[in-house]
Amino acid sequence: MNSKNKSEIKYRGKELFMINKYEVILLAAGKGERMCLPLNKIFYKDLVNGKMLIEYSIDLFLDDRRCEKIVIVYNSDDENEIKEIISKYNDSRLMLTTGGPLRQESVRNGLKMINSEYVLVHDGARCNLKKEIIDDVVNNLGLYDCCVPGVKVSDTIKKTTNNSIETLNRDVLYYVQTPQGVKTEAIMKALEEMKKTDILVTDESEALERYGKYKIKITNGRKDNIKITTQDDLKLFEYLVRWGNVQDWSIKRRASFFYWK
Ligand code: CTP
Ligand code: MG
């Protein structure tokens with residue numbers, strides 16, 4: 001590995017090919033229609049900390065020294081709210097650009113402001129992100145074109161059409177999340193191709209799967225890395241902010257206490 005942006009190290013016998021720096025596209029240009037609030041959901045202030053949903057991701061990325069830039073892609077209807085956030089943070093790593101009507105167009109707009117070899121694309125609405133997910137993406141990205149946090153499904157999944165129903169083999173199924181780490185050049189080319197051929201994709205990795213032969217890895221996501229889509233998700237997020245940091249050892253201790261009683 002010869003790029004100065006990557007380093008090859010061994011950690012507990014495992015080889016990690018980590019990147020040293022990255023930039024972020026933070027997507028906030030949706031409308032939050034399914035949330036049915038009088039404002040875009042990413043500006044909703046939670047009931048526990050009184051913090052806007054988008055601020056959770058901004059804080060986490062700004063705390064990471066490897067993060068050199070965050071391009072917030074916003075909806076032009078939200079000009080006032082987003083400018084207020086920028087002036088509050090007053091951090092030169094935060095930049096703004098407007099989005100498009102489709103998520104993939106918002107990503108393309110954000111990419112115009114990216115200078116790094118790798119970019120992390122994150123949903124502003126996925127506000128319960130934890131550092132370990134970023135680390136797992138970043139620690140693997142040197143070896144792949146795209147790293148996608150995923151979680152193995154534990155429910156049985158059925159596929160239905162008008163007149164059939166089929167059970168899928170869940171051993172090979174993952175649901176995936178953001179931030180998705182991608183080689184900037186690869187995602188630019190793939191999204192350009194999607195535009196030319198009028199194909200809609202729901203995430204960055206799908207664009208790479210459809211176009212070209214790219215190496216994609218599913219890294220460790222978390223069940224609690226939820227995207228706030230409906231008001232039920234918001235209730236769950238507020239619960240997680242309040243109680244989500246309970247440590248595994250504490251759960252084990254309580255469980256063994258009940259067991260021995
Ligand atoms: N997003 C975006 N540009 C779009 C559409 C979505 O930047 N044209 C962003 C959203 O702001 C959100 C993320 O992509 O952070 C995931 O999208 P979603 O959960 O669908 O959010 P919204 O599109 O805002 O919600 P809805 O579909 O309910 O209107
Ligand atoms: Mg949407």
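Cys 147 stands opposite Gly 181 of strand S11, and this contact belongs to a pairing in which 2 bridges join strand S7 (residues 146-152) to S11 in an antiparallel arrangement. Strands pair here if DSSP finds at least two bridges between them, while the strands themselves (E, at least two residues) and the helices (H or I, at least four) are DSSP runs numbered from the N terminus. S11 (residues 180-183) is also joined by 4 bridges to strand S6 (residues 118-123), again antiparallel, and within that pairing Val 119 has Val 182 as its bridge partner.

The model is predicted, so local features need pLDDT of at least 70 and side-chain atom pairs count only at pLDDT 80 or more, whereas totals for chains, interfaces and linings use all residues. Residues are numbered from 1 along each chain as its sequence is written, chains are lettered from A and ligands numbered from 1 in the order in which they are written, and side-chain values use heavy atoms, with hydrogens and water left out.

Leading into S11, the loop between strand S10 (174-176) and S11 holds Pro 179, which is joined to Thr 178 by a cis peptide bond with omega of about 10 degrees. Two other loop residues, neither of them glycine, have a positive phi; they are set side by side below, with exposed meaning over 50% relative accessible area, buried under 20% and partly exposed in between (1.4 Å probe, protein chains only).

| Residue | Phi | Loop | Relative accessible area |
|---|---|---|---|
| Cys 36 | near 55 degrees | between strand S3 (22-28) and H1 | 61%, exposed |
| Asp 198 | near 60 degrees | between helix H5 (184-196) and helix H6 (204-210) | 70%, exposed |

Helix H1 (residues 53-62) is largely enclosed by the rest of the structure, because 8 of its 10 residues are buried; among them are Ile 54, Tyr 56, Ile 58 and Phe 61. Several residues of this helix recur in the largest nonpolar core, which has 30 residues and in which Tyr 22, Ile 54, Ile 58, Phe 61, Ile 70, Ile 72 and Leu 120 have the most contacts. Such a core is a set of buried Ala, Val, Leu, Ile, Met, Phe, Trp, Tyr and Cys residues joined through side-chain atoms within 4.5 Å. The elements that give two or more residues to this core are S3, H1, strand S4 (67-74), helix H2 (79-89), S6 and helix H4 (131-140). A second, separate core of 21 residues includes Val 71, Val 121, Val 148 and Leu 208.

The structure also holds 3 aromatic pairs, counted where ring centres of Phe, Tyr or Trp (its six-membered ring) lie within 6.5 Å, with planes under 30 degrees apart called stacked, over 60 edge-to-face and the rest tilted. One of them is the edge-to-face pair of Tyr 56 and Phe 237, with 5.2 Å centre to centre and 90 degrees between the planes. Tyr 56 lies in H1 and Phe 237 in helix H7 (residues 231-243), so this pair ties together parts that are 181 residues apart in sequence. Both Tyr 56 and Phe 237 are buried.

Tyr 56 has a further neighbour in Lys 51, which lies over the face of the ring at 4.3 Å from its centre; a charge sits over a ring if NZ of Lys or CZ of Arg is within 6 Å of the ring centre and within 35 degrees of the ring normal. The charged end of Lys 215 likewise sits over the ring of Tyr 144, 5.9 Å from its centre.
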